[in-house]
Amino acid sequence: MGGIISRYYIKNGGQSKIYKLITIASPHYGVRDLLNFASIFGSAEESKQMQPNSDFLNSLNNPIDSLVPSYTISGKTVQKNTCFSAPCDCVVYVDYSKLKTATASMVFTGDQYEHNSIVNQPEIAKQALNF
């Protein structure tokens, strides 16, 4: 969620303080439909805000989705039956994690790049530093 929070900050007054944004596995356009079940566990408002095309995400992504030079890093797992309709990292669809106006985007493929472990991979840190 760091990428979403960072973008919210940039859009709401922080743009002059940030010269580059690098996000890793951020759900810029929402999370997998199946994950919206989290509202059962007391986070209904947050789940609603992270659904694709929610008012919150539409506001964050319009008129453009990035106000500073931005770079996205995404993971794509190869596990069977984790992503029902499109490539994802078990939480975020690859297409939902790429900013449309990003300067560059990288997708790493392999089960080690699933959502909860992608930041632990040394090649991810290396790529972030190269951006």
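This is a short tour of a predicted model, one selection at a time.

**Stop 1: the sheet**

Select strands E1, E2 and E3. Together they form an open sheet, in the order E1-E2-E3, with parallel pairing. Now colour the two edges. They are E1, residues 21-24, and E3, residues 104-109, and each of them pairs on one side only. Turn the view to look along the strands. From one strand to the next, the twist averages 15 degrees.

**Stop 2: strands E2 and E3**

Keep E3 and add E2, which spans residues 70-76. How many bridges join E2 and E3? There are six, in the parallel sense. For one spot along this pair, pick Lys76: opposite it, in E3, stands Thr109.

**Stop 3: Thr72**

Stay in strand E2 and select Thr72. Is Thr72 buried or exposed? Its relative accessible area is 0%, so Thr72 is buried. Next, show what surrounds this residue. Beyond its neighbours within four places in sequence, Thr72 is in contact with Thr23 and His28. The contacts of Thr72 also include Ser97, Lys98 and Leu99. Add Ala102, Ala104, Ser105 and Met106, which Thr72 touches as well. Phe131 completes the list of contacts for Thr72.

**Stop 4: helix H5**

Select residues 122-130. This is helix H5, and it lies across E1, E2 and E3. Against E3, helix H5 runs at about 170 degrees.

Which residues of H5 are buried? They are Ile124, Gln127 and Ala128. These three sit on the same side of H5, because they cover an arc of only 100 degrees around the axis. The cover over the buried residues of H5 includes E1, E2 and E3.

Now rotate to the face of H5 turned away from that buried side. Here the exposed residues are Pro122, Lys126, Leu129 and Asn130.

**Stop 5: Ile10 in helix H1**

Move to helix H1, residues 2-14, and select Ile10 within it. Ile10 has 5% relative accessibility, so it counts as buried. Setting aside neighbours within four places in sequence, the contacts of Ile10 are Gln15, Ile18, Leu21, Leu67 and Val68.

Finish with a distance. Pick the C-alpha atoms of Ile10 and Leu67: they are separated by 7.2 Å, though the two residues are 57 residues apart along the chain.

How values were computed
Residues numbered from 1 in each chain as written. Predicted model: local features only at pLDDT ≥ 70, side-chain atom pairs only at ≥ 80, totals over all residues. Heavy atoms only, no water. Pairing = 2+ DSSP bridges. Helix = DSSP H or I, 4+ residues; strand = E, 2+ residues; numbered from the N terminus. Axes fitted to C-alpha atoms, helices over the stretch in contact; angles between N-to-C directions. Contact = heavy atoms within 4.5 Å. Buried < 20%, exposed > 50% of the residue type's maximum accessible area, 1.4 Å probe, protein only. Arc of directions from axis to C-beta.
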